[in-house]
There are 2 protein chains.
Amino acid sequence: MAGIKDVAAHAGVSVATVSRVLNDSPRVTAETREKVRDAMRALRYRPNGVARSLRTEATRTLGLIIGDILNPFFAAMARAVEDEARAAGYTVVIGNADERPEQQDHYVRTLLEQRVDGLLICPTAETTPLVEDCVRSGSPLVFLDRTLPGLDVPAVRADGTEAIHDLVRHIHRLGHRRVAFISGPELLSTGRERTRAFLDAMRECDLDIRDEYLETGDFQAASGRAIAARFLDLPHPPEVIFTGDNLMALGALDEIRARGLRIPDDVALASFDDVAWFVHLDPPITAITQPAEELGRHAVRVLLERVERRPVESVVLPARLVIRRSCGETEST
Amino acid sequence: MAGIKDVAAHAGVSVATVSRVLNDSPRVTAETREKVRDAMRALRYRPNGVARSLRTEATRTLGLIIGDILNPFFAAMARAVEDEARAAGYTVVIGNADERPEQQDHYVRTLLEQRVDGLLICPTAETTPLVEDCVRSGSPLVFLDRTLPGLDVPAVRADGTEAIHDLVRHIHRLGHRRVAFISGPELLSTGRERTRAFLDAMRECDLDIRDEYLETGDFQAASGRAIAARFLDLPHPPEVIFTGDNLMALGALDEIRARGLRIPDDVALASFDDVAWFVHLDPPITAITQPAEELGRHAVRVLLERVERRPVESVVLPARLVIRRSCGETEST
DNA sequence: GTCGATCATGTAAACGTTTCCATACACTCC
DNA sequence: GGAGTGTATGGAAACGTTTACATGATCGAC
């Protein structure tokens, strides 16, 4: 494949000059510029990004490690990250951790070796030595959606606390008393935060928190289904099932439908995370919606600031309750 | 950041030796190997993939350009591609063309400059000069899901013809006669293929093909909704609406629900492309399912063969009809 | 006890850029 | 007309690896 040398020879100039027109340096006559451009076209020249990166120590590439690309929430975030990055002239490499810490580490290692200019991580489970290394070595790093305690890394995330309080109040107002929660993993900040908010909100509404109504899933559909099954098998099954993410809601829905139960009469359902099709279900599912696109865009902006070594601050955006009919009909609205 | 030289100095060996242990060459004593490994750990050495790629002319990276990452079909495919590639020791860079030819070209250019070892493209619209260049220059290229006519490029795709015939027969058997189709763009091979199969199947069943029942969408939800609205406004609205992909089905569903119409009594619905939540709708949506994961995996295998300069053949996998209840109750089953 | 063979290790070139520094030429100004 | 200024261009080093080739040591066979 033709290189800068061939172009230089073909145009009758030095490689330095070719490099200059490549980088739009003003120190080139319009005339030579044209000569060089012609040579490039003639030779079908394509700049070698690898060589350029080696020399400039920059790849104009960002790494994004997400929990699960099949989760519409992450997909939406990834899409926004990609859009914002492209607008800033960066490419993004997406790594799918599949919620597995080893796989997350695999990607951290790979992307670091690939010398991405910055890294966006939605941490899966706890801090790993590799991530710590990353922080210590000062590679630009930003946490997205989830955070890791004790690490001085800026984070861009949504806060669902207020929305969860709204939801529990909504449920309470509709007359439900026995509310069960399928939480996310303790190891994830989002899992912890949502559980904590749920517990607080329950207390605030003077609702009983029963141990058998509280189980921990793994943010995947299968666990949502299994836990919903256990809830429904209880001597006193809950009146409401609230799930910690949309995938577990899907799983719970599977189980409810499989038993031929009606929503909300037999059991009500609500989900943290909203997805496009919740509105088409009968009844439409009440959910808490997170600003996925905004999170993605902010994350890129913050990361690029870090890449430029400017000081940055974490960003917290509110999640919001969307009341539909899966917990019961609201009085009037 | 520490380089191979620093490691060599620290371990008291030459850079060649360090490189050898890096590449697991057998020509190194266990003793020196250990010395070198120790030095690496001590210096927190991370191989520089950029330099390595420059030297070896290989990046162990694959490019994947898809139509729309928010489309669950593409997301599933992307996920499979990524899994298969990782298993083979490759990273994949996903480019989201958003169904826009310029953006597709942007990614082709960027990925080519980044010197990916191979490129997987789901072509958006027609052949562009850049893609032609790509073919001519012999960079390993495989089309995924969609093909481009007149180009000698291996393709991995699903064939929906048989499934569409099955669907039309199913619809016919249920007594429907007025069937409308929201097709995909003429410019996409999948759009053309599905329209053609639909027309053939209609003829086979002796069903009338009316012009006003045939409109072309762009595989996005909004166009599905707009076209469904026009169908429903017709003096003789169709009894069945069949959409060319899942996003347009979602749009049509929006419109049907907004008008308070019942499925299938007022209008039946079927979709090319199946998604997880169709089964939870009331009634569940009859759809044609494509083997997205298999397509992705095959595509990587074929591409890697091409990367190794071995001859390859196109792969065609069948799509399959999944009958649910959105076109009416089946007799017995 | 010497001659090859085998093997671990080292030296240095190459990969395709960018960029510092030098050079040569064209002006301007007095 | 010569010194000084400015500017377009070129030469060559450097980025961090891999690898062909060279080198010296060890060892077995005669």
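Analyst: Ala, Val, Leu, Ile, Met, Phe, Trp, Tyr, Cys and Pro count as nonpolar, Asp, Glu, Lys and Arg count as charged, and the others, Gly among them, count as polar. Please keep in mind throughout that this is a predicted model.

User: With those classes in hand, how many nonpolar, polar and charged residues does the surface near DNA strand D have?

Analyst: Sorted in this way, the surface near DNA strand D has ten nonpolar, ten polar and six charged residues. Altogether 26 residues surround DNA strand D, and the closest of them are A:Ser14, A:Thr17, B:Ile4, B:Ser19 and B:Arg55, a list with members from chain A and from chain B.

User: Which parts of DNA strand D come within 4 Å of the protein?

Analyst: Of the atoms of DNA strand D within that distance of the protein, 62% belong to sugar or phosphate, and the rest belong to bases. Individual polar contacts can then be read one at a time: a polar side-chain atom of A:Thr29 lies 2.8 Å from a sugar or linking oxygen of DNA strand D, while an N or O atom in the side chain of A:Thr32 is 3.0 Å from a phosphate oxygen of that strand. From chain B, a polar side-chain atom of B:Asn23 lies 3.2 Å from a phosphate oxygen of DNA strand D.

User: Which elements each supply at least two residues of the surface near DNA strand D?

Analyst: They are H2 and H4 of chain A, together with H2 and H4 of chain B.

User: Let us turn to the other strand. Which residues come nearest to DNA strand C?

Analyst: Among the 26 residues around DNA strand C, the nearest are A:Ile4, A:Ser19, A:Tyr45, A:Arg55 and B:Thr17. Sugar and phosphate make up 62% of the atoms of DNA strand C that come within 4 Å of the protein. By class, the residues of this surface divide into twelve nonpolar, nine polar and five charged.

User: Which side chains make polar contacts with DNA strand C?

Analyst: Three can be followed here, and each has its own partner atom. The side chain of A:Asn23 has an N or O atom 3.2 Å from a phosphate oxygen of DNA strand C, and a polar side-chain atom of B:Thr32 lies 2.9 Å from a phosphate oxygen of DNA strand C. The partner of B:Arg55 is a base atom, since a polar side-chain atom of B:Arg55 lies 3.1 Å from a base nitrogen of DNA strand C. The elements giving two or more residues to this surface are helix H2 (15-22) and helix H4 (49-56) of chain A, with helix H2 (15-22) and helix H4 (49-56) of chain B; the largest share, five residues, comes from H4(A).

User: How is chain B related to chain A?

Analyst: One asks what movement would lay one copy on the other. Here a turn of 180° with a shift of 0.0 Å along the axis lays chain B on chain A with an RMSD of 0.1 Å, which is the relation of a two-fold axis. Both copies use the same surface, since 100% of the contact residues of chain B recur in chain A.

User: Is B:Ser25 buried or exposed?

Analyst: The general idea is a cut-off: buried means under 20% relative accessible area. B:Ser25 has 15% relative accessibility and therefore counts as buried. B:Ser25 sits in the loop between H2 and helix H3 (30-43) of chain B, and a polar atom of its side chain lies 3.1 Å from the backbone nitrogen of B:Arg27. Leaving aside neighbours within four places in sequence, B:Ser25 is in contact with B:Arg20 and B:Arg33.

User: Why does A:Gln104 count as buried?

Analyst: A:Gln104 counts as buried because its relative accessibility is 1%. This residue is found in helix H6 (residues 101-113) of chain A. Beyond residues up to four places away in sequence, A:Gln104 touches several others, including A:Ile65, A:Ala97, A:Cys122 and A:Val131.

User: Finally, how many bridges does S5(B) share with strand S11 of chain B?

Analyst: For paired strands, one reads the direction, the bridges and the partners. S5(B) pairs with strand S11 (residues 315-318) of chain B in the parallel sense over four bridges, and B:Val316 in S11(B) is the bridge partner of B:Arg157. Strand S5 (residues 155-159) of chain B is also joined by two bridges to strand S4 (residues 141-144) of chain B, and these two run parallel; there B:Leu144 stands opposite B:Val156 in S5(B).

Definitions and conventions:
Residues are numbered from 1 along each chain as its sequence is written. Chains are lettered from A and ligands numbered from 1 in the order in which they are written. This is a predicted model: local features need pLDDT of at least 70, side-chain atom pairs count only at pLDDT 80 or more; totals for chains, interfaces and linings use all residues. Side-chain values use heavy atoms; hydrogens and water are left out. A residue is near a molecule or strand if one of its heavy atoms lies within 4 Å of it. A polar contact is a pair of N or O atoms within 3.5 Å; within protein, one must be able to donate a hydrogen and the other to accept it, and residues adjacent in sequence count only if both atoms are side-chain atoms. Buried means under 20% relative accessible area, exposed over 50%, partly exposed in between (1.4 Å probe, protein chains only). Contact means heavy atoms within 4.5 Å. Copies are superposed by least squares on the C-alpha atoms of residues with pLDDT of at least 70 in both. Two strands pair if DSSP finds at least two bridges between them.
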